[in-house]
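Colleague: Before I rely on any labels for this structure, I would like to hear the reasoning behind each of them. Could you take me through them one at a time?

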Amino acid sequence: MAQVKIGNSVSSKPLTKGLPQGSVSGPTLWNTIISYIIERLTVTPNTETVIFADDILVMIHGISHPAILTTLQKTFKPIEEWCAEPRLEISKDRSALMPMLIRNREDYKNNPITASWGLNIVSKMRHLGIMLDSKLEWYPHTQLLESKTLRIRNNLARCSRASW
């Protein structure tokens with residue numbers, strides 16, 4: 001449901017379609033669509049939400065793993081409700097759960113919430129060009145930078161061979 005409020009006047013309309021990539025009005029329409037979920041996520045206790053374009057990163061903290069899983073369930077409920085009405089789908093291929101600083105991931109893998117959503121339990125993930133690691137190490141990010149640099153170097157070498 002999209003709502004636009006101008007002064008004292010409010011207009012709402014149910015949404016049934018996505019947004020075209022690269023359109024001029026796309027970012028404004030996306031902000032209108034996603035404003036509801038942003039509002040719901042920002043009031044959920046023990047969570048921090050980072051949103052950039054169409055990427056949403058929800059960070060959950062708690063005093064124990066069961067507390068974190070309870071917060072995870074409370075966080076997913078409004079997301080499921082938000083997706084249901086306009087028939088939006090969360091990309092399961094691009095969605096992941098990364099428990100931080102733990103050795104046993106089985107609590108998360110066997111949880112009904114993560115199983116029903118089909119979330120991958122990962123030890124590192126890429127977000128906005130930065131490789132995040134569950135142990136808070138920089139090594140995976142430096143490996144990513146090294147492979148990017150090597151690819152650029154090889155492309156430059158291939159281009160220069162023909163003319164040099």
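Modeller: Gladly, with the reminder that this is a predicted model. A convenient starting point is Asp 133, which is found in strand 8, residues 130-133.

Colleague: What makes Asp 133 count as buried or exposed?

Modeller: The relative accessible area of Asp 133 is 10%, and since buried means under 20%, Asp 133 is called buried. Leaving aside residues up to four places away in sequence, Asp 133 touches Met 98, Met 100, Ser 123, Lys 124 and Pro 140. Ile 152, by contrast, is 19 residues from Asp 133 in sequence, and their C-alpha atoms are 24 Å apart in space.

Colleague: Why is Leu 88 called partly exposed?

Modeller: Buried is under 20% and exposed is over 50%, so Leu 88, with a relative accessibility of 27%, falls in between and counts as partly exposed. Leu 88 has its place in the loop between helix 2 and strand 5 (96-97), where, not counting residues up to four places away in sequence, Leu 88 touches Ile 33, Trp 82 and Cys 83. Between Leu 88 and Asn 111, which are 23 residues apart along the chain, the C-alpha separation is 24 Å.

Colleague: How do you know which label, buried or exposed, belongs to Cys 83, and which to Cys 159?

Modeller: Cys 83 has 8% relative accessibility, which is under the 20% limit, so Cys 83 counts as buried. Cys 159 has 57%, which is over 50%, and therefore counts as exposed.

Colleague: How many disulfides does a search of the whole structure find?

Modeller: Zero disulfides are found in the whole structure, the criterion being a pair of cysteine sulfur atoms within 2.5 Å.

Colleague: What makes helix 1 and helix 2 roughly antiparallel to each other?

Modeller: The axes of helix 1 (residues 26-42) and helix 2 (residues 65-84) cross at roughly 155 degrees and come within 9 Å. Angles over 145 degrees count as roughly antiparallel, and the two helices are therefore given that description. The crossing in which helix 1 passes helix 2 is right-handed.

Colleague: Which residues meet in that contact, and how do they divide by character?

Modeller: From helix 1 come Trp 30, Ile 33, Ile 34, Tyr 36, Ile 37, Arg 40 and Leu 41, and these meet Thr 75, Pro 78, Ile 79, Glu 81 and Trp 82 of helix 2. The residues of this contact divide into nine nonpolar, one polar and two charged.

Terms used:
Residues are numbered from 1 along each chain as its sequence is written. This is a predicted model: local features need pLDDT of at least 70, side-chain atom pairs count only at pLDDT 80 or more; totals for chains, interfaces and linings use all residues. Side-chain values use heavy atoms; hydrogens and water are left out. Axes are lines fitted to C-alpha atoms, for helices over the stretch in contact, and angles run from 0 to 180 degrees between N-to-C directions. Helices (H or I, at least four residues) and strands (E, at least two) are DSSP runs, numbered from the N terminus. Angles under 35 degrees count as roughly parallel, over 145 as roughly antiparallel, 65 to 115 as roughly perpendicular and the rest as oblique. A crossing is left-handed if the near helix is turned anticlockwise from the far one by less than a right angle, and right-handed if clockwise. Contact means heavy atoms within 4.5 Å. Ala, Val, Leu, Ile, Met, Phe, Trp, Tyr, Cys and Pro count as nonpolar, Asp, Glu, Lys and Arg as charged, and the others, Gly among them, as polar. Buried means under 20% relative accessible area, exposed over 50%, partly exposed in between (1.4 Å probe, protein chains only).
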